[in-house]
Amino acid sequence: MKATDVRAKTLDELRTELETLKKEQFNLRFQRATGQLENTGRVRQIRRDIARIQTIMRDKRVASA
C-alpha cells in the first residue's frame with residue numbers, strides 16, 4: 001500500500017482499512033504461534049501499513065483542526 005493511495009481515502013475509509021489490517025495482523029500472529037505461518041514477510045508489511053495509515057489519519061485530523 002502506497003502513501004498516495006492512503007492519502008486519497010477519507011477518514012472513514014481509513015478506519016475500516018485499519019480495522020481490517022489489525023484483524024489480519026491478529027490472524028498472522030495466531031498462525032505464527034501455531035506454526036502455520038507461511039509468508040513471514042507479510043507480518044512486517046502489515047505492521048508498516050498500519051503505521052502508515054495511523055500517521056496519515058493523524059495528519060488529516062491535525063489539518064482539519
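**Exercises on a three-helix model**

Within helix α3, the buried residues are Val-43, Ile-46, Asp-49, Ile-50, Ile-53, Ile-56 and Met-57. Buried denotes under 20% relative accessible area, exposed over 50%, and partly exposed in between (1.4 Å probe, protein chains only). Helices (H or I, at least four residues) and strands (E, at least two) are DSSP runs, numbered from the N terminus.

The model is predicted: local features need pLDDT of at least 70 and side-chain atom pairs count only at pLDDT 80 or more, while totals for chains, interfaces and linings use all residues. Residues are numbered from 1 along each chain as its sequence is written, and side-chain values use heavy atoms, with hydrogens and water left out.

**Exercise 1.** State against which helices the buried residues of α3 and of α2 pack.

*Solution.* Contact means heavy atoms within 4.5 Å. Step one: the buried residues of α3 pack against α1 (3-7) and α2 (11-34). Step two: in α2, Leu-14, Leu-18, Leu-21 and Leu-28 are buried. Step three: these buried residues of α2 pack against α1 and α3.

**Exercise 2.** Determine whether Asp-49 is buried or exposed, and list its contacts beyond four places in sequence.

*Solution.* Step one: Asp-49 is located in helix α3. Step two: its relative accessible area is 5%, so Asp-49 is buried. Step three: apart from neighbours within four places in sequence, Asp-49 is in contact with Met-1 and Leu-21. Leu-21 is also one of the buried residues of α2.

**Exercise 3.** Compare the span of α3 (residues 41-64) with its expected value.

*Solution.* Step one: the expected span of a helix is 1.5 Å times one less than its number of residues. Step two: α3 has 24 residues and should therefore span 34 Å. Step three: the end C-alpha atoms of α3 are 35 Å apart, which agrees. For α2, also with 24 residues, 34 Å is expected and the end C-alpha atoms are 35 Å apart, again in agreement. After α2 comes Gly-35, with a positive phi near 80 degrees.

**Exercise 4.** Decide whether the protein is a compact globule or more spread out.

*Solution.* Step one: the protein has three helices and zero strands, in the pattern α-α-α along the sequence. Step two: its radius of gyration is 14 Å, well over the 11 Å from the globule rule for 65 residues, so the protein is more spread out than a compact globule. Here the radius is taken over C-alpha atoms, and the rule is 2.2 Å times the number of residues to the power 0.38. Step three: the C-alpha trace spans about 45 × 15 × 15 Å along its principal axes. Step four: 20% of the 65 residues count as buried.
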